[in-house]
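This note is offered to a colleague who is meeting the structure for the first time. It takes up charged side-chain pairs and cysteines, point by point.

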Amino acid sequence: MSVVQYFAFAGLPSQPGPRSPSAVPECGLTLRVSGPMKPGVDDENRARVFRSIGVATDDVVACRQVHSRVVRIADRTEAFRGLPEGDGILTANRGVVPTVTVADCMPIWVYDPVAGYFGVLHSGWKGTGILRVACELAADEWGAEAGNVHVILGPHIRSCCYTVDAERADYFRAGFGERCVTLDPEREAEGSRWPYRLSLAEANRDIALKIGIPERNIHDAGVCTSCDPKYGSSRREGQDRFVHMAAFIRVH
Ligand SMILES: [Zn+2]
């Protein structure tokens, strides 16, 4: 059984080429069968799983995630030994392997073949907007332009399973466009407190398009972590028991 699922950037080759400036980074997500991958907690398992797929653990960087929009740049791995707080990591150093963990929140892989940076973000409802922050940081750091960025909106809890109340629905409509929220008439008729369905994919598509990422550069993995048991899911598995999956991006 496969322990990692790989994803490809739209319009770019899915298989990384030889080590060269044009080699496309590889985007992976460890599946539930790989076991828990929370940095600082499951380090033995992380080392075992990464080793099994040829990733040197010394190259891996991670943050202590706090559902923020804080994005860090990893020039080198040393500054990450103490797990600084944050929810996204970018690098232009092709020897560094940025990671985040997810379980219903969305991993977003980013790659700019022109500026030469790549990274991965953890974007749950609170962190929605971290994609914009990451692109602003890349503009400051590397002079990057959003028009060159490719993104993958990874597996997350989709609107089939993600119901929210009026307050959160309003927050998302106001910030991320009308399309990310729909009212479920059945749930409304039942008098549910959570009658709205929230699409984190539509919210992030709205962000991406507004900051200038071309539609053709946006790939949506299209699967729901809560529906499919091969993924870790805090909704399906329970708050105290869910498996943190690691999303990573690397050049090799
Ligand atoms: Zn679902």
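1. A residue is called buried when its relative accessible area is under 20%, exposed when that area is over 50%, and partly exposed in between. Glu78, at 47% relative accessibility, is therefore partly exposed. The model under discussion is a predicted one.

2. Glu78 has a charged partner: its side chain forms a salt bridge with that of Arg76, at 3.7 Å from N to O. Arg76 reaches 55% relative accessibility and so counts as exposed. The pair thus joins an exposed arginine to a partly exposed glutamate.

3. How many salt bridges does a search of the whole structure find? The total is 10. Besides the pair just described, two others are taken up below.

4. Arg32 and Glu237 are joined through their side chains in a salt bridge of 3.3 Å, N to O. This contact links distant parts of the chain, the two residues being 205 residues apart. Arg32 belongs to the loop between β2 (26–30) and α1 (43–52), whereas Glu237 lies in helix α6, which covers residues 234–237.

5. The surroundings of these two residues deserve a separate remark. Glu237 has a relative accessibility of 12%, which is under 20%, so this residue is classed as buried. Arg32, with 32%, falls in the partly exposed class.

6. A further salt bridge, between the side chains of Arg173 and Asp170, has an N to O distance of 3.2 Å. Here both residues sit in helix α3 (residues 166–176); they are 3 residues apart, about one turn of the helix. Both ends of this bridge are partly exposed: Arg173 has a relative accessibility of 23%, and Asp170 has a relative accessible area of 44%.

7. Turning to the cysteines, how many disulfides are counted? The count is 0 disulfides. For Cys27, the nearest cysteine sulfur is that of Cys135, 14 Å away. A disulfide requires the two sulfur atoms to be within 2.5 Å, and therefore Cys27 is in no disulfide. The same holds from the other side: Cys135 is in no disulfide, its nearest cysteine sulfur being that of Cys27, at 14 Å.

8. Are these cysteines buried or exposed? Cys27 is buried, at 0% relative accessibility. Cys135 is likewise counted as buried, with a value of 11%.

Terms used: Residues are numbered from 1 along each chain as its sequence is written. This is a predicted model: local features need pLDDT of at least 70, side-chain atom pairs count only at pLDDT 80 or more; totals for chains, interfaces and linings use all residues. Side-chain values use heavy atoms; hydrogens and water are left out. A salt bridge is a side-chain nitrogen of Lys or Arg within 4 Å of a carboxyl oxygen of Asp or Glu. Helices (H or I, at least four residues) and strands (E, at least two) are DSSP runs, numbered from the N terminus. Buried means under 20% relative accessible area, exposed over 50%, partly exposed in between (1.4 Å probe, protein chains only).
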